Amino acid sequence: MLEARRKWSWAFAAALLSLVVVWRAESAIGVNWGSVSFHRLKPSAVVDLMKDNKISKVKLFDADPDSLRALMGSGIQVMVGIPNEMLAALSSSTDASDLWVRQNVSRYMVKNGADIRYIAVGNEPFLTSYSGQFQSYVMPTLLNLQQSLAKVNLAGYVKLVVPCNADAYESSLPSQGAFRPELTQIMTQVVSFLYSNGSPFVVNIYPFLSLYGSSDFPQDYAFFEGTSHPVTDGSNVYSNAFDGNFDTLVAALSKLGYGQMPIIIGEVGWPTDGAINANLTAARVFNQGLINHVLSNRGTPLRPGAPPVDIYIFSLLDERAKSTLPGNFERHWGIFSFDGQAKYPLNLGLGSTGLKNARNIEYLPSRWCVAKPSGDLSDVANHMKLACSVADCTTLTYGGSCNGIGARGNISYAFNSYYQLQMQNERSCDFDGLGMVTFQDPSVGECRFLVGVTDTTSRPRSRYSTSSSSCYQLNRRWIIVWMLISWGAWGFVM
Ligand SMILES: *[C@@H]1O[C@H](CO)[C@@H](O)[C@H](O)[C@H]1NC(C)=O
Ligand SMILES: *[C@@H]1O[C@H](CO)[C@@H](O)[C@H](O)[C@H]1NC(C)=O
Ligand SMILES: *[C@@H]1O[C@H](CO)[C@@H](O)[C@H](O)[C@H]1NC(C)=O
């Protein structure tokens with residue numbers, strides 16, 4: 001009896017302790033793992049990379065079976081995505097949603113399986129540039145999936161979320177934040193559904209895009225190091241775009257009556273190449289500033305002491321087959337390059353200082369394709385155009401890491417990108433006799449001539465190449481909002 005009581009009080013103490021731990025839980029840092037890449041690393045290598053870096057949360061853009069199988073037994077918590085294109089089918093049939101859940105969730109949730117915690121229903125389905133085409137599918141899909149999850153007893157464990165772009169809300173000042181008028185009704189339904197199921201609100205926030213989209217955006221306001229252009233909102237002062245954006249969402253949620261809604265940042269990050277503000281230093285300063293800020297638990301003026309529940313850095317790896325429609329930077333969001341090498345020092349705050357590189361990467365042989373030194377390069381334009389239309393040449397552009405390597409350098413870079421993409425097929429370095437294979441690394445300074453990796457999976461799946469790019473289809477509206485904010489702030493200065 002005494003024994004039992006002692007046991008009970010231990011259990012009670014443990015429960016209390018865990019309660020305290022949960023209560024004081026800090027935000028976790030996760031990553032987005034997209035796979036629109038020419039040289040895809042083996043999923044198991046990517047999972048090892050995450051484990052080596054103590055990354056315990058990952059967000060996927062679809063339910064790729066290879067990725068999910070690799071995640072089984074890893075202990076990493078997973079958010080699987082449903083591409084917007086699938087919403088129509090899932091919204092119209094419970095059979096379809098049952099099947100989706102069986103095939104893409106419950107199948108993996110076995111002993112030593114994948115720990116799927118969230119299903120992202122669509123990716124930024126309310127994005128302005130989609131003109132509402134996915135809007136009507138979201139609620140029916142949520143309802144169908146919730147039923148399907150309940151049928152397999154996962155409704156409490158796996159939460160449905162709807163990642164939104166920050167263009168879903170707007171305001172000239174954070175405290176005035178409101179969802180776009182045409183979204184008020186659907187947002188009220190979605191948020192009320194999420195709230196009643198204990199799901200968080202997921203939002204993607206990109207200060208880089210505000211800076212990229214507007215030359216008037218105060219550069220230092222995009223970072224976390226203090227700014228000469230703070231935004232004053234009543235008694236609250238904002239010194240960085242991230243907090244201002246976050247609180248605009250908090251205000252918008254409050255307006256719907258859900259001011260306490262937990263918020264997860266589904267995507268946030270900074271690219272390293274392909275645009276003037278996209279470079280290693282800026283990416284390091286932004287991401288480190290962000291992580292430190294979030295882990296400090298300071299929160300924001302509207303949510304003091306309550307930072308986002310989790311943030312998912314965009315992105316784990318470069319995806320060099322993505323559409324460049326948003327800009328040439330689009331292929332360079334990784335904290336690791338396409339082959340899993342850390343691009344810059346970063347402390348993720350997860351207990352391992354610095355980033356650890358991917359192990360056991362199987363590269364193609366160390367050889368490159370370059371322009372022959374003697375070749376007459378006057379007729380090369382078409383070759384270069386063709387090479388760059390399939391392979392990646394975004395580093396060559398203005399602001400890119402290879403922009404200063406000269407005309408012949410440009411050609412060599414293009415030849416090599418194409419050659420590696422063709423898995424170093426000898427014929428792919430011909431270019432009418434203008435190309436040649438070399439065993440000497442032609443890289444110059446920060447301009448890296450890549451060597452491909454043995455691609456175990458097939459071609460990139462360009463079908464979903466909008467994975468995050470959607471967030472970019474630059475919502476000019478949002479930029480204008482932030483311009484207004486900064487102008488408002490400048491009003492005081494001038
Ligand atoms: C499961 O997810 C994959 C990847 O998103 C998709 O191709 C497939 O159609 C899904 N299965 C079902 C039954 O919808
Ligand atoms: C990198 O980007 C930062 C931030 O936008 C900018 O201030 C800096 O000049 C850039 N550095 C280089 C070397 O281009
Ligand atoms: C190399 O190519 C880039 C991108 O097309 C271009 O901006 C640059 O001017 C080229 N350099 C030379 C020397 O032609």
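## Around helix H2, the sheet and two ligand shells

Let's start with helix H2: what covers its buried residues includes strand S1 (28–33), S2 and H3. This is a predicted model, so local features are given here for residues with pLDDT of at least 70. The buried set in H2 (residues 43–52) is Pro43, Ala45, Val46, Val47, Leu49 and Met50. In an α-helix there are 3.6 residues a turn, so residues three or four places apart point the same way. After H2 comes Lys54, with a positive phi near 55°.

Now for the sheet. Nine strands make up an open, parallel sheet, in the order S5-S4-S3-S2-S1-S15-S12-S9-S6. Its edges are strand S5 (159–161) and strand S6 (164–165), each with a single partner strand, so one side of each has no neighbour in the sheet. Helix H6 (residues 135–151) packs on the sheet and touches S4 and S5, its direction making about 155° with that of S4.

Strand S3 (residues 77–82) is a good place to look closer. Five of its six residues are buried, so the rest of the structure largely encloses this strand. S2, helix H3 (residues 65–71) and S3 together form a β-α-β unit, and that unit is right-handed. Gln77 in S3 has partners in two strands: Lys57 stands opposite Gln77, and in S4 the bridge partner of Gln77 is Asp115. Elsewhere in the sheet, Ile265 has Ile311 of S15 as its bridge partner.

Here are three of the strand pairings:

| Strand | Partner | Bridges and sense |
|---|---|---|
| S2 (residues 57–60) | S3 | three bridges, parallel |
| S3 | S4 (residues 115–121) | six bridges, parallel |
| S12 (residues 263–268) | S15 (residues 310–313) | two bridges, parallel |

On to the ligands. Which residues surround ligand 1? They are Asp62, Ala63, Asp64, Leu99, Trp100, Gln103 and Asn104. By class, that shell has three nonpolar, two polar and two charged residues. Asp62 and Asp64 are the charged ones, because Asp counts as charged and none of the other residue types in this shell does.

Around ligand 3 sit Leu396, Thr397, Tyr398, Gly406, Ala407 and Asn410. How do the residues of this shell divide into nonpolar, polar and charged? There are three nonpolar, three polar and no charged residues around ligand 3. Leu396, Tyr398 and Ala407 are the nonpolar ones, because Leu, Tyr and Ala count as nonpolar, while Gly counts as polar.

Key
Residues are numbered from 1 along each chain as its sequence is written. Chains are lettered from A and ligands numbered from 1 in the order in which they are written. This is a predicted model: local features need pLDDT of at least 70, side-chain atom pairs count only at pLDDT 80 or more; totals for chains, interfaces and linings use all residues. A residue is near a molecule or strand if its C-beta atom, placed from the backbone, lies within 6 Å of it. A residue is buried if 20 or more other C-beta atoms lie within 10 Å of its own, exposed if 12 or fewer, and partly exposed in between; C-beta atoms are placed from the backbone. Helices (H or I, at least four residues) and strands (E, at least two) are DSSP runs, numbered from the N terminus. Two strands pair if DSSP finds at least two bridges between them. A crossover is right-handed if, with the strands pointing away from the viewer, the path from the first strand over the helix to the second runs clockwise. Two residues are in contact if their C-beta atoms, placed from the backbone, lie within 7 Å. Axes are lines fitted to C-alpha atoms, for helices over the stretch in contact, and angles run from 0 to 180 degrees between N-to-C directions.
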